[in-house]
Amino acid sequence: MRCFLIAANPTDFEIHLFHEGTLYKSYQLFGAHIIRENGVLGTRFGVWAPHAQEVRLVGSFNDWNGANHKLTKISDQGVWMIFVPENLEGHLYKYEIITRNGQTLLKADPYAFYSEVRPNTASIVYNLSGYEWNDRAWQRKKQRKSVYHQPLFIYEVHLGSWKKKEDGSLYTYKELADELIPYVLEHGFTHIELLPVVEHPYDRSWGYQGTGYYSATSRYGTPHDFMAFIDRCHQAGIGVILDWAPGHFCKDEHGLYMFDGEPTYEYSNMQDRENLVWGTANFDLGKPEVRSFLISNALFWLEYFHIDGFRVDAVANMLYWPNSDTLHKNPYAISFLQKLNETVFAHDPTILMIAEDSTDWPKVTAPTYEGGIGFNYKWNMGWMNDILTYMEANPNERKSLHHKVTFSLLYAYSENFILPFSHDEVVHGKKSLLNKMPGDYWQKFAQLRLLYGYLATHPGKKLLFMGGEFGQFDEWKDLEQLDWILFDFDMHQKINAYVKALLKFYKRQKSLYELDHSPDGFEWIDVNNAEQSIFSFIRKGKTDRDVLVVVCNFTDKVYHNYKVGVPLLARYKEALNSDDERFGGSGQVNQKEIAAVAEPFHGKPYHISLTIPPFGISILRPMRRRGERNKHAEKEVRRDAARRGKR
């Protein structure tokens, strides 16, 4: 059991650090805590309201009348406290704030650990201590292995619409653990990424417009229930990443907006404060107390909930000032993000800090001591946009878009990238991934298999939004569950079987993940065949043994005896072919081993001749007899590496 001890009274030093912007466990100072003060068991409440004339505590314990529960202002910068000599666990509460102009506001606690189920908005006194964690093996494993050299294939999930009960009600955290974890294991994903679980009033904001940053949403259960969900994920060997939005928040009247009647958590200047695109308010990232609030929030999820990482939403919206026709850098956001990442990695260097950044800002994943922003991963939005533009084009027109596929390798190693097919690409009229594919019914499925194969073999870690694994035909309907009925149809069963086989293959092939962030792990074979829209390349691991040859055909043509240059004089076996009939393909596969010929081709010393499937990907690996090292092949790899080094 982990016990989090809260001091009876905050020290002057803690308050100083909070106002300095460096109190990174401010959740121990603010919010509602069951403590003992002078031997008396009670509940301490703390809130920051710098512009308030008066703050009262109201709730179910005093009939929502705060006349006898006035908070004391203990710092000139607006820290207010009260100790109630009762254990108020389970009670509802809010802060009644009297503004400088005499207005009365009822606000939920920004540091509340639990909240009422929407549409109700009160905070709930909740003791986070007491949960028995059983994930030590997972934590030890994380410390032993570097994520950069390990497989990473993320399943992005919105808990409210992944699956629902027959009456349309939501699954609880406990029920989701029973349903979602076996499903993720069965498919072979390494991590689950949850759309934001901070408390939020509007379902269709998907959690990106929050009010309770310290409150795991009560839609699915209690904070302890959410801890149990994460614990069970870890026991099953699955990491959990939270989508997190520290850039902006919703403007509902009970939330952070104009918290004490004046700009508190948001910028004072309306031009900077208002996020006109989303109808939200931007956090004032230059305000020290806001920095304490947000950086503490990241550590809070790590410490209490054992989260394995964050996907930080809308980083571009922070790095550049909003509502401007030109791009102006926001120095407050830059220093905030740098300090955030430094603090998180000081707490736990294994954490995934993933930037959702759509700009070409340099060094997003470089350490801060090298002038970087300090994340360790960034979504590759450029790759995603280019490959989807290419795939949505008529196959006959793809030859003119050849550069959309090749361009990503010019910058693939400038950052540590994750390749995302996320929720943003399958909603608001953008169509599902399957329905983006042109052509008839069969061609759509074939091209989706090809796209997933290309995703798995391109350098970078991977992410797929829920439903993509079985070919959701409609785009994401966020108020309904996924179309599980599609499993009744043969082609959806087969593409699901393909995704399972692809992920299993991906995790077994070190060449597909060991050198994701090094140019040593990738080499083009033929990058210039625009006329036939065929691409071929090599993926490599750290050792000579780990080599794969990949051929992608983005047209419906079949080619027999197609020559491909290869690096090793060996026999090659087709390890995976997306056109396999068991995956719904036409059966244009290479069943027999293919012997390389000692004749140069494609700039390689040898070549093979194989069948190229329509709208298909073929992955081949050099073969060795069991227990026998292919000394000649390894020698050729070393020679090839030496030749490349001299160029």
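The following paragraphs lead the reader through a predicted model of a protein, from its barrel and its open sheet to its pockets and cavities.

The barrel is a suitable place to begin. Eight strands close into this barrel, and their order is β9-β10-β13-β17-β18-β19-β20-β21. The pairing within the barrel is parallel. On average, neighbouring strands of this sheet are turned by 25° against each other, when direction is ignored.

Strand β17 shows how such pairing works in detail. With strand β13, which covers residues 239-244, β17 pairs in the parallel sense over four bridges. One of the residues involved is W244, whose bridge partner in β17 is V312. Strand β17 itself spans residues 309-312, and four bridges also join it to strand β18, residues 352-355, in a parallel arrangement. Here R311 has I354 as its bridge partner in β18, while the partner of V312 in β18 is A355. V312 therefore appears in two pairings, with W244 of β13 and with A355 of β18, if a strand is taken as a DSSP run.

Which way do the residues of β17 point? In a regular strand, the side chains alternate between the two faces of the sheet. In β17, G309 and R311 point one way, whereas F310 and V312 point the other way. These four residues are all buried, a term that stands for a relative accessible area under 20%.

Helices pack against the strands of the barrel. Helix α4, residues 173-187, lies across β9 (153-157) and β10 (191-194). The direction of α4 is at about 150° to β9. Helix α13 also packs on the sheet, where it touches β9, β20 (417-421) and β21 (461-465). The direction of α13 makes about 145° with that of β21.

A second sheet has another form. Six strands form an open sheet in the order β22-β23-β24-β29-β26-β27, and their pairing is antiparallel. The edge strands of the open sheet are β22 (522-526) and β27 (594-595), each of which pairs on one side only. Within the sheet, β23 (residues 534-540) and β24 (residues 547-553) pair in the antiparallel sense over seven bridges. In this pairing, F537 has V550 as its bridge partner in β24. Helix α14, residues 490-508, packs on the open sheet and touches β24, β26 (571-577) and β29 (616-622). Its direction makes about 135° with that of β26.

Helix α1 offers an example of a helix with buried residues. In α1, which covers residues 12-20, the residues I15, L17, F18 and H19 are buried. An α-helix has 3.6 residues a turn, so residues three or four places apart point the same way. The cover over the buried residues of α1 includes β2 (40-48), β5 (79-84) and α7 (288-305). Just after α1, G21 takes a positive phi of about 90°.

The model also contains open pockets. The largest pocket holds about 650 Å³ of space. It is lined by 27 residues, and those closest to its centre are W206, V277, W278, D313 and D424. By class, the lining of the largest pocket consists of 11 nonpolar, nine polar and seven charged residues. The second largest pocket holds about 550 Å³. Of the 23 residues in its lining, W138, K141, Q150, P151 and H191 are the closest to the centre. Which element gives the largest share of this lining? Helix α2, residues 136-144, gives the largest share to the second largest pocket, with three residues. That lining divides into 10 nonpolar, eight polar and five charged residues.

Finally, there are the enclosed spaces. How many cavities of 30 Å³ or more does the model have? The count comes to seven. The largest cavity has a volume of about 150 Å³. Its lining comprises 20 residues, and A108, S115, T121, T211 and H254 lie nearest its centre. Seven of the lining residues of the largest cavity are nonpolar, nine are polar and four are charged. In the second largest cavity there is about 110 Å³ of space. It is lined by 15 residues, of which V426, M466, G467, G468 and Q472 lie nearest the centre. The elements that give two or more residues to this lining are α12 (433-436) and α13 (441-457). By class, the lining of the second largest cavity has eight nonpolar, five polar and two charged residues. Helix α13 thus takes part in this lining and also packs on the barrel sheet.

Conventions
Residues numbered from 1 in each chain as written. Predicted model: local features only at pLDDT ≥ 70, side-chain atom pairs only at ≥ 80, totals over all residues. Heavy atoms only, no water. 1 Å grid on protein atoms, 1.4 Å probe; cavity = no way out; pocket = protein on both sides within 12 Å on 5 of 7 lines; lining within 4 Å. Points joined across faces, edges and corners; volume = space filled by probe spheres on them. Nonpolar A, V, L, I, M, F, W, Y, C, P; charged D, E, K, R; others polar. Pairing = 2+ DSSP bridges. Axes fitted to C-alpha atoms, helices over the stretch in contact; angles between N-to-C directions. Contact = heavy atoms within 4.5 Å. Buried < 20%, exposed > 50% of the residue type's maximum accessible area, 1.4 Å probe, protein only.
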